[in-house]
Amino acid sequence: MHPAHLIHQAAELIIQADSLVIAAGAGMGVDSGLPDFRGSEGFWKAYPALGQEAIPFYEIANPAAFRRRPLQAWGFYGHRLALYREIRPHAGFDLLRQWGASKPHGLSVYTSNVDGHFQQAGLETALIHECHGSIHYLQCLLPCRDSIWQADQFMPEVDEVNCQLINTAPVCPHCGGMARPNILMFDDADWNSQRQQQQAERQSNWLSKVKLPLVIEIGAGTAVPSVRNFSQRMQAHFGCRLLRINLREPQVQYAQDVGLAMGALEALSAIQAVLQQEQ
Ligand SMILES: NC(=O)c1ccc[n+]([C@@H]2O[C@H](COP(=O)([O-])OP(=O)(O)OC[C@H]3O[C@@H](n4cnc5c(N)ncnc54)[C@H](O)[C@@H]3O)[C@@H](O)[C@H]2O)c1
Ligand SMILES: [Zn+2]
């Protein structure tokens, strides 16, 4: 168990802030029952069919894979879409929502997760920035034009053993060609970033009003460092503190910051217990 004084220090940082900036990577979803993709080993454990062919994450998370092996690429993304729809975000999401509600400026989220779980957990949609897009939206694979639409109509059926889509892949309503997730993949010049740009704009408006945010970074890895870089930018801009919750990589740079080597749900619940005592 982690030293109790770090939990108290974390609670103190939350109390002092006028707003919360949540920066979340795949580790945030692990306690809901979602896989992170840490290393090929972790990825292949979640997708054994891709392991058998030794296909790493970056080779399937790739627009070229949708062209070369569409049923396999949609097997992977279709499985994830169904999984993210089905699984409920853990209680830690709601704790963050409550903490934000108690702050004069509230809370905003920056996440590389494409699972839509912050929205599903009831956090304010207008203040969520999904920097790599969302699996719940689609765009044309070509793309024939700048258009993004919801994936709601698409109910993927996947042969999980072979990682293959069994039913028909979603199509572009404009040209009838194949659709793909509106997610920033590897080697992806075709990603339609319009939705993400609008989110970024709303977030930066919100940031222009806050003075003393606390960055709570949860489950963000170092292999694709988008979320970590964001935390760093926030600290450079505001001179603010960082609370890093990360099971395996909790180290922080500054002595006033707090790093907790714990799972997201356990850490957030422990902090909540301290906050309740102090009320
Ligand atoms: N849920 C999703 O939407 C999802 C899931 C996997 C990957 N991705 C995509 O893949 C890329 C992966 O990058 P990443 O850095 O987010 O993930 P990553 O898998 O590289 O790293 C996960 C991090 O979370 C930590 N972690 C693992 N379990 C944890 C737990 N229970 N509590 C707290 N921390 C925990 C690990 O130590 C690690 O640092 C991103 O670009 C993202 O878009 C998305
Ligand atoms: Zn099209």
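What follows is a short exchange about a predicted model.

Biologist: Why is the packing of H8 against H12 called oblique?

Modeller: The axes of helix H8 (residues 91-101) and helix H12 (residues 264-278) cross at roughly 40°. Angles under 35 degrees count as roughly parallel, and 65 to 115 as roughly perpendicular. The crossing falls in neither range, so H8 is oblique to H12. The axes come within 9 Å, and the crossing is left-handed.

Biologist: What makes up the contact of H8 with H12?

Modeller: Ala91, Gly92, Leu95 and Leu96 in H8 meet Ala264, Leu265, Leu268, Ser269 and Gln272 in H12. By class, that contact has six nonpolar, three polar and no charged residues. Gly counts as polar, so Gly92 is in the polar group.

Biologist: How do you know that S4 and S8 pair, and in which sense?

Modeller: Pairing needs at least two bridges. Strand S4 (residues 133-140) and S8 have five bridges, so they pair. The sense is antiparallel. Ser134, for one, has Asn182 in S8 as its bridge partner.

Biologist: What makes S5 and S8 the edge strands?

Modeller: Strand S5 (148-150) and strand S8 (179-183) each pair on one side only. The order in this open sheet is S5-S4-S8. From one strand to the next, the twist averages 50°.

Biologist: Which helix lies across S4, S5 and S8?

Modeller: Helix H10 (residues 194-207) does, running at about 135° to S4.

Biologist: Which residues come nearest to ligand 1?

Modeller: Gly25, Ala26, Gly27, Asp36 and Gly221, of the 28 residues around ligand 1. Helix H2 (residues 27-30) gives the most to this shell, with three residues. The shell divides into 12 nonpolar, 10 polar and six charged residues.

Note on methods:
Residues numbered from 1 in each chain as written. Chains lettered and ligands numbered in written order. Predicted model: local features only at pLDDT ≥ 70, side-chain atom pairs only at ≥ 80, totals over all residues. Near = placed C-beta within 6 Å. Helix = DSSP H or I, 4+ residues; strand = E, 2+ residues; numbered from the N terminus. Axes fitted to C-alpha atoms, helices over the stretch in contact; angles between N-to-C directions. Parallel < 35°, antiparallel > 145°, perpendicular 65-115°, else oblique. Left-handed = near helix turned anticlockwise from the far one by under 90°. Contact = placed C-beta atoms within 7 Å.
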